[in-house]
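This report covers annotated spans, sheet pairing, empty space and charged contacts in one protein chain. The sequence and structure come next, followed by the text.

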Amino acid sequence: METTVKVKMKLADKYQSGFPLIMKDALVNAEVLTKEGQHLNVVDEQGTYIGKGYYGLQNKGVGWVLTNKQGENIDQSLFDRKIVKALGLRRKYFDDPNTTAFRVFNGEGDGIGGVTIDYFAGFYVIHWYSEGIYQFKDEVVQTLKTQTDYRGIYEKKRFATNGKYLDDDDFITGERGEFPLIVKENGVNVAVYLNEGAMVGVFMDQREVRQAIRDRYAEGRTVLNTFSYTGAFSVFAAMGGATKTTNVDLANRSLPKTIEQFSINGLDYEAQDIIVDDVFKFFKFAGRKQHKYEMVILDPPSFARSKKMTFSAAKDYTNLLKEAIAITESNGLIIASTNHAGVSRKKFRTFIDKAFKETGLGYNIVEEFSLPDDYRVTSTYPDGDYLKVLFIKLV
Ligand code: SAH
């Protein structure tokens, strides 16, 4: 059973050329969307075929077009084709013993919006971003079972059911892993937990940034890592010869998790500072003590709320940078990152420019990163490239 949705005439060309996100405002008859997972036949107002998709509610839209080909249907063979192609495109990662954790399927970038699949040393983790795409669970799992040598398959439901987010056991099939599972990233050990909710211990989209820090920037520097989570940036900095790292994160879990990441690499965690505190409180403390760092890493969440304050990358990044500039050595380096899709690369640069203007200092951007190629992006949906990381040298 398929439901026909009609795209407004003025947007028909955009959808005809492959734009995959179904936006509610783009439809003339959005009222026919009643049950997530509904198969959609997408046409323009005159009934000309655009593609096939499904209804699934995410922040950004109400579903995704999965094919523009006449006669192609949303069935097992479509999932097989798209996922097998994606697996093939990650061959160089599967073949690299030094990196055993990477993304094998990146939503619309690989042709199916609303779902991602990550690989961790034989284990696959599926993230479902809507109740709608979750209706295709059997197909996706079936493809992984028949097309991969999986040890085990886990899932994360990143949507609410009856208003409630489930963070229960995420195991689907195969072998249950033993956690921490130790994976490798460019030769460095990383501990992951696939059974503890959506955050498994590492954000793999920052792989190239960590590598650059280790190989080209850390040597002989003192490092402040804010919003440090498990301290992954610091471990790479220490491996690259940083003299000391200071890690600051509000979450209690960050202390044992950072100790663990250092320890599994044979690094002395007692030689590091691991601080559980609000970053903004820490900035004040460091300012009072006149502590300064040669490298400051800023990787905040897009939104955060603590007891005392809220942070929004779109509104508060300039201020965050000014706080960071104040405690960076005069020839130091700030690594500024945001994964907020609502902050464009251009906008992010204006935040940086404003922060430096207001502090009266000069800067050079020495290196810039976006998503690594396992986080595939399609040219028909460039907004999928959400990661912006700039290496900023103070002058
Ligand atoms: N940079 C990390 C990922 C950061 S995830 C990495 O490379 O792995 C975002 C982190 O910010 C979470 O661990 C969260 O606990 C922390 N956080 C959120 N608000 C904070 C605040 N005000 N002060 C300190 N940490 C904060």
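Helices and strands are taken here as DSSP runs, with at least four residues for a helix and at least two for a strand, numbered from the N terminus. The model is a predicted one.

**Annotated spans**

An unreviewed UniProt entry places the feature "domain: RlmI-like PUA" at residues 5–67. In that span the chain is 13% helix and 37% strand, and the C-alpha atoms at its two ends are 15 Å apart. A second annotation from an unreviewed UniProt entry, "domain: S-adenosylmethionine-dependent methyltransferase", covers residues 170–343. For residues 170–343 the content is 31% helix and 30% strand, with the end C-alpha atoms 32 Å apart.

**An open sheet**

Five strands form an open sheet in the order S1-S3-S4-S5-S2, and the pairing is mixed. Strand S1 (2–7) and strand S2 (21–22) are at the edges; each has a single partner strand, so one side of each has no neighbour in the sheet. Strand S3 (residues 39–44) pairs with strand S4 (residues 49–55) in the antiparallel sense, over five bridges. Leu40 has Gly53 of S4 as its bridge partner.

**Pocket and cavity**

Rolling a probe the size of a water molecule over the atoms shows where empty space is left. The second largest pocket has a volume of about 510 Å³. Its lining consists of 21 residues, and those nearest the centre of the pocket are Leu66, Lys82, Lys85, Asp110 and Gly111. Strand S5 (63–67) and helix H2 (76–89) are the elements that give two or more residues to this lining. S5 supplies the largest share, four residues. By class, the lining of this pocket divides into five nonpolar, eight polar and eight charged residues.

Enclosed space is a separate matter. How many cavities of 30 Å³ or more does a search of the whole structure find? The search finds one. The volume of the largest cavity is about 50 Å³. Its lining residues are Val188, Asn189, Val190, Val202, Arg210, Ala232, Val235, Phe236 and Gln261. Two elements, strand S14 (188–192) and helix H7 (232–239), give two or more residues to this lining. The classes here are six nonpolar, two polar and one charged.

**Salt bridges**

Side chains of opposite charge can pair when their charged atoms come close. With a cut-off of 4 Å between a side-chain nitrogen of Lys or Arg and a carboxyl oxygen of Asp or Glu, the count comes to 23 salt bridges. Three of the pairs are listed below.

| Pair | Closest N to O distance |
|---|---|
| Glu175 and Arg151 | 3.0 Å |
| Arg207 and Asp374 | 2.7 Å |
| Asp277 and Lys281 | 3.7 Å |

The salt bridge between Glu175 and Arg151 links distant parts of the chain, 24 residues apart. Glu175 is in the loop between strand S12 (171–174) and strand S13 (181–185), while Arg151 is in the loop between helix H5 (137–147) and strand S9 (152–157). Glu175 has a relative accessibility of 36% and therefore counts as partly exposed. Arg151, at 37% relative accessibility, also counts as partly exposed.

The salt bridge between Arg207 and Asp374 likewise links distant parts of the chain, here 167 residues apart. Arg207 belongs to helix H6 (residues 207–217), and Asp374 to the loop between strand S22 (363–369) and strand S23 (388–394). Are these two residues buried or exposed? Both Arg207 and Asp374 are buried.

Asp277, which pairs with Lys281, has a relative accessible area of 22% and is partly exposed. Elsewhere, Lys69, Glu72 and Arg81 are joined into one network by salt bridges that share partners.

**A buried strand residue**

Ile392 is part of strand S23. Its relative accessible area is 0%, so Ile392 is buried, the limit being under 20%. How far apart are the C-alpha atoms of Ile392 and Asp374? They are separated by 25 Å, with the two residues 18 apart along the chain.

Technical notes: Residues numbered from 1 in each chain as written. Predicted model: local features only at pLDDT ≥ 70, side-chain atom pairs only at ≥ 80, totals over all residues. Heavy atoms only, no water. UniProt positions renumbered as here; feature names shortened; annotations may be inferred. 1 Å grid on protein atoms, 1.4 Å probe; cavity = no way out; pocket = protein on both sides within 12 Å on 5 of 7 lines; lining within 4 Å. Points joined across faces, edges and corners; volume = space filled by probe spheres on them. Nonpolar A, V, L, I, M, F, W, Y, C, P; charged D, E, K, R; others polar. Pairing = 2+ DSSP bridges. Buried < 20%, exposed > 50% of the residue type's maximum accessible area, 1.4 Å probe, protein only.
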